[in-house]
Structure formats: C-alpha cells, structure tokens
Amino acid sequence: MVATTKAQIPMALFLLEQGANPNDNGAGFTALHWASGVWEGEQANPVVGFSDPMSGIPDRKGKMDLIKSLISHKADVNAKITKNPPGFAGGYLKSKVGATPAFLAAYALDLELLELLQAAGADLKAVTRENVSPLMAAVGVGRRLGYSDAKEDRAIEVAKYLLAQGNDAKLISTRGENVLHGAAYLGWNRMVQLMVDSGAAVNVVAKSGTTPYLAANGQGDRQGGVNVFPETAALLVKLGADPKLGTSCNAFF
C-alpha cells in the first residue's frame, strides 16, 4: 500500500511477486482502489500546482502495469472502500465509502481502465453508501470546478459507455442529488442534454435545497455565487426546470 500510494511502481510490483496481499484493506481501501483513482485535494493536486504522487499515480504506463499485476494476483475488482481516504487525498466527493475501483475509474474519466476492470469482472453499476453511481461520478457529482482537469468531451465518452453498461440516469443519491447536479455545477451543456435524453429529471431538489437550475445559476450550496453558467441555466429552463423551485444558497463550499 505504501509503495502504491507513493507511486513506487517497481517496488509495488516486486512486493506482489514476493507474495504481498493485493487485497489488504487495513487503511479502509486496497491498492487497486488507490491505483484506479485520482485524489484531487488542495495539498495533492497537480491542477493547483502540487504535483505529488499522493494525487494519483502520474506514470500512465506504470499505473496500468500495476493494475494489471494486481488483477493477475487476484485483487478483488469489486472491493468496496470501507473508510474514507485521508482528507488531503479524498477529493471533493463527500464520501467514497462503498466505492469500487470501477467507481474511481469513472470519477477519473478513465475509459481504458473501466474496460480493463469490466473484462476482469468488475460491476460497473455498483453504487457507494450514499447511492452515488459510477455514472454520477463521471458526470461530475461531487467534483469541484477549478480543482480538476476533467473535460466535458471525455466525460461524455465515459458517460455513454456507462449508460450502455446499465447505469441509470434517473438515480438519486441519499443527499438528493442526481446526475444533473453534477453537470450543472460544471456548466456542461451537452452533458445536461445527454442526461435529460437518458431520463434524468430536471426538477430534483437536493437535501441542501439546490436544484440543477440553482446550481447552474450560481445559487447552489457548492461554490454558489462563484461559478455561474447562464447558458446552462437557460438550457435547463428550456428542458422544463422551474427557476422558483428549491432554496437559493450562494454559500461558497
């Protein structure tokens, strides 16, 4: 686990060959969880200038070599995180408890890895304890604008793949958010349209009081008043959103 989190790939591969347990989860997550994800945070995030391996394995070839070795050594591709990773490496998704490696790959918008995990038997529909699906992770639920290099084109590609694998665009998390909350906070208009076309409801009110419209209009509970996307808000109204629904927050998260 230490070798993996510090991106010491040759050492991690060596230890696996010596019989290290690929399914050790004493930290609350396994090496496969860590290798599969990106760990956006304020202290370990290349987007904001901190290029530390604790933000995720930076060497793409090494990352994939390690994941393939973990799988070949019988790592559980459907293992679930039992305890949130340290705050500096947790990202902005409220909780990753219950997340599988495939969920983390979806959040990282890593289609190649999703396909690899699926071929190894991964369930691409498994949700977290808060009922957040891989599709919701890919679409942006819990992602914080400005702390991620996620691009809409890549997210759409991953979202379409996950929809084809049975992810439900109508799903609502225990916090009351749906896929449109994610896309709205990021101002991803094409994603909003794709999700509505796939069955997502436009007038879902989260427990915070935020609707997708309020999120896009700078009135949400996450970076409210900071990120405002008038075109996204207008699109949501066109698609049936009620601007008067929900509770305006404007509180910076």
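## Close-up views of an all-helix chain

Of the 253 residues in this chain, 54% count as buried. The model you are looking at is predicted. Here are some close-up views to explore alongside it.

**Figure 1. The whole chain, with 12 helices and zero strands.** Reading along the sequence, you meet the pattern α-α-α-α-α-α-α-α-α-α-α-α, and the secondary structure comes to 12 helices and zero strands. How much of the contact in the chain with a separation of 6 or more comes from residues 24 or more positions apart? Such pairs account for 74% of those contacts. On the outside, the accessible surface of the chain comes to about 10,500 Å², and 53% of that surface belongs to carbon and sulfur atoms.

**Figure 2. Rings that pair up: F29, W34 and W39.** Searching the whole structure turns up two aromatic pairs. In one of them, the rings of W34 and W39 have their centres 4.6 Å apart and their planes at 10 degrees. Planes under 30 degrees apart count as stacked, so this pair of W34 and W39 is stacked. Are these two residues, W34 and W39, buried or exposed? Both W34 and W39 are buried. Ring pairs also bring in F29, giving a cluster of F29, W34 and W39.

**Figure 3. Two charged residues over the ring of Y107.** Find Y107 and look at what lies over its ring. The charged end of K96 sits over this ring, 5.4 Å from the centre. R143 also lies over the face of Y107, with 4.2 Å to the ring centre.

**Figure 4. T100, a buried residue in a loop.** T100 belongs to the loop between α4 (60–72) and α5 (101–107). Its relative accessible area is 1%, and buried means under 20%, so T100 is buried. Which residues does T100 touch, leaving aside those up to four places away in sequence? They are H33, V77, N78, A79, K80, D123 and A126.

**Figure 5. A nonpolar patch on the surface, made of M11, F14 and L15.** Together, these three residues have about 280 Å² of accessible area. One of them, L15, is found in helix α2, which covers residues 9–17. L15 has a relative accessibility of 37% and therefore counts as partly exposed.

**Figure 6. Helix α10 and the helices around its buried residues.** Helix α10 spans residues 189–197. Its buried residues are M191, V192, L194, M195 and V196. Which helices do they pack against? The partners are α7 (134–139), α8 (152–164), α9 (179–186) and α12 (230–238). After α10 comes G199, whose phi is positive, near 110 degrees.

**Figure 7. A salt bridge between D110 and R60.** Side chains of opposite charge can pair when their charged atoms come close. The structure holds seven salt bridges. In the one between D110 and R60, the closest N and O atoms are 2.5 Å apart. D110 lies in the loop between α5 and α6 (111–119) and R60 in helix α4, so the pair ties together parts that are 50 residues apart in sequence. What is the setting of each partner, buried or partly exposed? D110 has 8% relative accessibility and counts as buried, whereas R60, at 34%, is partly exposed. A network of salt bridges links R60, D110 and E112.

**Figure 8. A salt bridge within helix α4, between K61 and D65.** Here the closest N and O atoms are 2.8 Å apart. K61 and D65 both lie in α4, four residues apart, which is about one turn of the helix. K61 is exposed, with a relative accessible area of 60%, while D65 is partly exposed, at 30%.

**Figure 9. A salt bridge between two loops, joining R175 and E130.** The closest N and O atoms of R175 and E130 are 3.1 Å apart. This pair links distant parts of the chain, 45 residues apart. Where does each partner sit? R175 is in the loop between α8 and α9, and E130 is in the loop between α6 and α7. R175 counts as partly exposed at 36% relative accessibility, whereas E130, at 15%, counts as buried.

Methods: Residues are numbered from 1 along each chain as its sequence is written. This is a predicted model: local features need pLDDT of at least 70, side-chain atom pairs count only at pLDDT 80 or more; totals for chains, interfaces and linings use all residues. Side-chain values use heavy atoms; hydrogens and water are left out. Rings of Phe, Tyr and Trp (its six-membered ring) pair if their centres lie within 6.5 Å; planes under 30 degrees apart count as stacked, over 60 as edge-to-face and the rest as tilted. Buried means under 20% relative accessible area, exposed over 50%, partly exposed in between (1.4 Å probe, protein chains only). A charge sits over a ring if NZ of Lys or CZ of Arg is within 6 Å of the ring centre and within 35 degrees of the ring normal. Contact means heavy atoms within 4.5 Å. Patches are made of residues with over 30% relative accessible area and no salt bridge: like charges are joined within 9 Å, nonpolar side chains (Val, Leu, Ile, Met, Phe, Trp, Tyr) within 5 Å. Accessible areas come from the Shrake-Rupley method with a 1.4 Å probe; for residues, only the protein chains shown count as cover. A salt bridge is a side-chain nitrogen of Lys or Arg within 4 Å of a carboxyl oxygen of Asp or Glu.
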